[in-house]
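Got your viewer open and a hand on the mouse? Let's walk through this protein together, one selection at a time.

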Amino acid sequence: MSARSAGGAVAAVDLGATSGRVIVGRVGPDTLETETVARFPNDPVFAGDGLHWDILGLYGAALKGLRDAFRTEPGIASIGIDSWAVDYGLLRGGRLLGTPFHYRDERTARGVETVHERMPHAELFERNGLQFLPFNTLYQLAAEPADVLGFADTALLVPDLLAFWLTGAARAEITNASTTGLLRWADRQWDDALINALGLPGLSRGILPQLIAPGERVGGLLPHVAEAIGGSADVTAVGSHDTASAVVAVPMRADAAAYISCGTWGLVGVEVERPVLTPQALAANFTNEGGVDGRVRLLHNVMGLWVLSETVRGWERVEGHAVDLPTLLDSAAEVPASAVPVFDVNDPRFLPPGDMPARIDAWCAEHDVAPPRTRAEYTRSIVESLAQAFADAAATAGRLGGVDVRTIHIVGGGALNRLLCQRTADRAGMPVLAGPVEATALGNVLVQARAAGFVSGSLEALRDLVARTHAPRRFDPVA
C-alpha cells in the first residue's frame, strides 16, 4: 500500500462567528481524527461607521495556529479554510480597503431597498435561488459608497481573503459564492446580466474573481508565509461556507434525512441534486446553496443558538461573572414545556445584538401570551421555540425537496444540547441523531484528504467513514 493511500495529515482553519480554531486532521481509509491545536476568540469591533470583523486579528491568530499545527504534525500536506458566509473584503492592487463589515451591521437595510427598487426578491430568487436575508452579499455591496466600490478591483469572501493572503491567488470558492446572490444557478457562474441590471455604481463583474470548486488547489504558500508558520503545503479549496463543510460530515442517507447544522445559526435542510426554484420554495423563504460535489443544500436559516448565547451574555454582563450553561439547561429541563411561550425565533428583532429577554417579552405582549418569568423559563422558552422552528423547517425541507425525511441529524455545537435535541425529536415526531459536534472541521478535513489521495470515493463514502468513526447519539421522540 502506498504512503498516500495509507493516509496522512491536513490542517483546517475553521472560523466561526464567535471563535476560530486550527485543527490537525489525520485521515485514512479507516481513520478520521481531529486535534484542535489552537483556539481563539472572534470578537467584532464597533467603529464609528458600524460593526466590523477584526479580520487582521483573525488572520494573525490563524497563522499562529498553523505554526502550532506544523509543530504538532510536520507532514501536513494541505490547508483548507472555512468560515461564515456573505461577508467580504474589498481590495485594490492586493491591498485591503478597510476592515470587512459584520453581517449584523444595520447598514444592510439601505442595500435591500436599493436592490429591490430594481429587482424584487421573487425575480432574484428565479436567478440565484436564495431566501431573503437582509445581509446577503449583494445587499451589502449595494450599501457600499459608490466611490469605495468603484475604487476596488477585487472582492473576496472571508475564507477566500485568508487564502489570498496565504497564497497570493484570488479565487472564489463556489459553495460560498452561491450565498452572495450574484451566482447564476443555471450554469453556476457569476451572473453578469444581474450585475448589469442592478446598476450599482462601481459594481462591475471585474471585481469578482475566478470560481473554484471544493477539492481544487488554490495555490502554494507564499515564501514569507511558509517561513512564518514553519512548514510548506498547498492550500486546497474546501466547502468554504462552514455549512457546506458541515454537511459533508453528516452521517446521513440524503434520500431519507434532514440535517440541522446548529451553532450561532440553525441551518435546517435537505441535500438535493438540483436547485428547487418553485413558487412554494419562494413562499417558504427557502434557499438553495452550493454543496460539495455539485450537490445543493436546500435549507432555511433559523436564528439558532444566537438567541440563547446572547441572552446568557446579557445576564453575564449584569452579574459580572460567567453563567454555567449546563446548570442553566438542567434547570430549564425541570420547567414544563406547557408553562412557557413558543415564540417566532425568526422574527427580525432577534437578529441584532441586544437584550433578548426584553425582545421576547415584547413579542409575547404583541401576541397576547404570558412571557417567561425566571431565567430557567426564558431558557426553556428559547429551547422550545428553536425545537419547533427546527421541526417545522425540516418537514418543509423534505416536502419541497421531495425527500422522505424519517430522521433528523443535528451536527455542530447544538448536538451537545441534549434538551434541544430531545425536544426537536419530540416536536418533529421522529428520531434525532446528534453529532458529530465537529462536523464543520471534519468536512473541511475530508475534502482536503480526498484531494490529497488519503481517502477516495463519493460523499456517501466520506459519510460512511464519519459514521464508522464518530457514532451519533440517538434521541427518540417521547412526547
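Here is a tour of the core, one helix, some salt bridges and a pocket. One thing to keep in mind as you click: this is a predicted model.

**Stop 1: the core**

In soluble globular proteins, nonpolar side chains tend to be buried together. To see that here, start by selecting Ile-79, Leu-166 and Ile-408, the residues with the most contacts inside the largest nonpolar core, a set of 140 residues. Now color helix α16, residues 375–401: with 11 residues, α16 gives this core its largest share.

Zoom in on Leu-166 next. Which residues does Leu-166 touch, leaving out those up to four places away in sequence? Show Tyr-59, Leu-63, Leu-66 and Ile-81, and then Gly-220, Leu-221, Leu-222, Val-225 and Val-235, and you have them.

There is another core, apart from the largest one, with 28 residues. To find it, pick Leu-149, Ile-174, Trp-190 and Leu-211, which are among its members.

**Stop 2: a helix with two faces**

Select helix α3, residues 108–118. Its buried residues are Thr-108, Gly-111, Val-112 and Val-115. Look down the axis: these residues sit on the same side of α3, because they cover an arc of only 100° around it. An α-helix has 3.6 residues a turn, so residues three or four places apart point the same way.

What does the buried side of α3 pack against? Bring up α4 (121–128), α5 (137–142) and α9 (192–198), and you'll see its partners. Then flip the view to the face turned away, where Glu-113 and Glu-117 are exposed.

**Stop 3: salt bridges**

Side chains of opposite charge can pair when their charged atoms come close. This structure holds 30 salt bridges, and we'll drop in on a few.

Begin with Glu-310 and Arg-313, whose closest N and O atoms are 2.9 Å apart. Both belong to helix α13 (residues 306–319), and 3 residues, about one turn of the helix, separate them. Is each partner buried or exposed? Glu-310 counts as buried at 5% relative accessibility, while Arg-313 is partly exposed at 28%.

Now select Arg-427 and Glu-384, a salt bridge with 2.8 Å between the closest N and O atoms. Arg-427 is in helix α17 (residues 418–428) and Glu-384 is in α16, so this pair ties together parts that are 43 residues apart in sequence. Glu-384 is buried, with a relative accessible area of 0%, whereas Arg-427 is partly exposed at 26%.

Stay in α17 for Arg-423 and Asp-426, which lie 3 residues apart in that helix. Their side chains meet in a salt bridge of 2.9 Å, N to O. Here Arg-423 is buried at 12%, and Asp-426 is buried at 9%.

For something busier, select Glu-271, Glu-273, Arg-295, Glu-460 and Arg-463. Salt bridges with shared partners join them into one network.

**Stop 4: the largest pocket**

Last stop! Select Thr-18, Cys-262, Gly-263, Thr-264 and Trp-265, which lie nearest the centre of the largest pocket. The pocket's volume is about 1,300 Å³, and its lining is made of 47 residues.

Which element gives the largest share of that lining? Color α13, which supplies 5 residues. You have been to this helix already, with Glu-310 and Arg-313. Among the other elements that each supply at least two lining residues are the strands β1 (8–15), β2 (19–28) and β16 (257–262), along with the helices α11 (242–248) and α18 (439–452).

How values were computed
Residues numbered from 1 in each chain as written. Predicted model: local features only at pLDDT ≥ 70, side-chain atom pairs only at ≥ 80, totals over all residues. Heavy atoms only, no water. Core = buried A, V, L, I, M, F, W, Y, C linked by side-chain atoms within 4.5 Å. Buried < 20%, exposed > 50% of the residue type's maximum accessible area, 1.4 Å probe, protein only. Helix = DSSP H or I, 4+ residues; strand = E, 2+ residues; numbered from the N terminus. Contact = heavy atoms within 4.5 Å. Arc of directions from axis to C-beta. Salt bridge = Lys/Arg side-chain N within 4 Å of Asp/Glu carboxyl O. 1 Å grid on protein atoms, 1.4 Å probe; cavity = no way out; pocket = protein on both sides within 12 Å on 5 of 7 lines; lining within 4 Å. Points joined across faces, edges and corners; volume = space filled by probe spheres on them.
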